[in-house]
Amino acid sequence: MSAYAALALALPALAAAQPLPQLQAYEVDAAWRTPVEPLRISDHVWQIGARDITALLVKTPQGAVLIDGGMPQMADALLRNMARLGVAPGELRLILHSHAHADHAGPLAAVKRATGAALVSNAESAALLARGGSHDLHFGDAIAFPPVAADRLVQDGEVVQLGGMAFTAWFTPGHTPGSLSWTWTDTRDGRPVRIAYVDSLSAPGYRLAGNPAYPQIRRDFARSIETVRGLPCDLLLTPHPGASGWNYADAARPHPRPTSCAAYADAAAQRLRKQAEAEKR
């Protein structure tokens, strides 16, 4: 008897086998996938994403910039909101992002394909974007999204310019190794306003101590928190708006609890400290 025949006889009968489990989709709250009408943030910046996920459109005389997009199914809603603001697909010139998770980078491939815009990233995030979020350090393949290739890689502190707007890239690793925050200056009511779009400083379900996949995670978070404390920051926005006091569902009062960058950093430090203490128990 061959080795293969012996193995076959040793296996249980297929009739007794149980069905394999269903594939599990990445499911999120309805507010993460409910589009909103464009909400003006400053003279040239609008929130065009979902009720509880930020996607910013910045208009300049030389074209527009999109920062983040939300869930993969948001692509058509983003393009519709761009059209409402007078931005044709070909007028979107740049796409910037915070971190390469499906709830923020999900529609970037579709938007890039529809507009021809150039995607700006850094080396860490570009690798994750190119494989559609698979092999994530914390989530594995559970939050995959359509892969997208970066067109330009920036260094920490590098400035990306378009139409008089200067976007400074700040590396704020922790939530992901490639997390990016961005600052730029716009106007509001005729006065300059320094806008900071700061990435998440949370570790949802992450292992902080002795994490073999990300050994330097606590050091990265500590450094990023100090970076955020020192940002030029008159107006803070975050990928999850509630973290910076925004409520996009209320167009009449969308920013009931304004939060400073320093307060955002302090809250993150306290939260991570409690999480690290809980791991020791």
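A residue is termed exposed when its relative accessible area is over 50%, and buried when that area is under 20%. The legends below apply these terms to a predicted model.

**Figure 1. The E10–E11 hairpin and its turn residue, aspartate 189, in the predicted model.** Strands E10 and E11 form a hairpin in which two residues lie between the strands. Aspartate 189 is located in the loop between E10 and E11. Because its relative accessible area is 72%, aspartate 189 is classed as exposed. Its phi is positive, about 55°, although the residue is not a glycine. Most residues other than glycine have a negative phi. The two strands of the hairpin run antiparallel and are joined by seven bridges. Within this ladder, threonine 187 has proline 192 of E11 as its bridge partner.

**Figure 2. Pairing of strand E11 with strand E12.** Strand E11 comprises residues 191–197, and E12 comprises residues 235–237. Three bridges join these strands, which run parallel. Isoleucine 195 stands opposite leucine 235 of E12. E11 thus appears in two pairings, antiparallel with E10 and parallel with E12.

**Figure 3. Threonine 172 in the loop between E9 and E10.** The loop that holds threonine 172 connects strand E9 (165–171) with strand E10 (180–188). Threonine 172 has a relative accessibility of 1% and therefore counts as buried. When neighbours within four places in sequence are set aside, its contacts are Ser179, Leu180, Ser181, Asp199, Ser224, Thr227 and Val228.

**Figure 4. The open seven-stranded sheet.** The strands follow the order E1-E2-E3-E4-E5-E6-E7, and their pairing is mixed. Strand E1 (39–42) and strand E7 (152–153) stand at the edges; each has a single partner strand, so one side of each is left without a neighbour in the sheet. Inside this order, strand E3 (residues 56–60) and E4 run antiparallel and are joined by five bridges. Valine 58 stands opposite valine 65 of E4.

**Figure 5. Aspartate 68, in the loop after strand E4.** Aspartate 68 belongs to the loop between E4 and H2. Its phi is near 70°, a positive value in a residue other than glycine. Aspartate 68 counts as buried because its relative accessibility is 0%. Aspartate 189, shown in Figure 1, also has a positive phi but is exposed.

**Figure 6. The largest nonpolar core and the separate second core.** The largest nonpolar core contains 33 residues, and those with the most contacts inside it are Ile48, Leu57, Leu78, Leu92, Ile95, Val111 and Leu129. Two or more residues come from each of strand E4 (63–67), helix H2 (75–84), strand E5 (92–96), helix H3 (102–105), helix H4 (108–115) and helix H5 (123–130). The greatest contribution is that of H2, which supplies four residues. A second core, separate from this one, has 26 residues, including Val45, Val65, Leu162 and Trp246. In soluble globular proteins, nonpolar side chains tend to be buried together.

**Figure 7. Contacts of valine 111.** Valine 111 is among the residues with the most contacts inside the largest nonpolar core. Apart from residues up to four places away in sequence, valine 111 touches Leu66, Ala75, Leu78, Leu92, Ile95 and Gly116. Of these partners, Leu78, Leu92 and Ile95 are likewise listed among the residues with the most contacts in the core.

**Figure 8. Leucine 128 in helix H5.** With a relative accessibility of 10%, leucine 128 counts as buried. Residues up to four places away in sequence being left out, leucine 128 touches Ala100, Gly133, Ser134, Asp136 and Phe145. The C-alpha atoms of leucine 128 and threonine 176 are separated by 9.8 Å, although the two residues lie 48 residues apart along the chain.

**Figure 9. The whole chain, as context for the close-up views.** The chain has seven helices and 12 strands, and its C-alpha trace spans about 85 × 45 × 35 Å along the principal axes. Of its 281 residues, 47% are buried. Among contacts between residues at least 6 apart in sequence, 62% join residues at least 24 apart. The accessible surface comes to about 13700 Å², and 54% of this belongs to carbon and sulfur atoms. The mean positions of the 26 positive and 25 negative charges are 3 Å apart.

Terms used:
Residues numbered from 1 in each chain as written. Predicted model: local features only at pLDDT ≥ 70, side-chain atom pairs only at ≥ 80, totals over all residues. Heavy atoms only, no water. Core = buried A, V, L, I, M, F, W, Y, C linked by side-chain atoms within 4.5 Å. Buried < 20%, exposed > 50% of the residue type's maximum accessible area, 1.4 Å probe, protein only. Contact = heavy atoms within 4.5 Å. Areas by Shrake-Rupley, 256 points an atom, 1.4 Å probe, with all protein chains shown as cover. Lys, Arg positive; Asp, Glu negative; His and termini not counted. Charge placed at Lys NZ, Arg CZ, Asp CG, Glu CD. Pairing = 2+ DSSP bridges.
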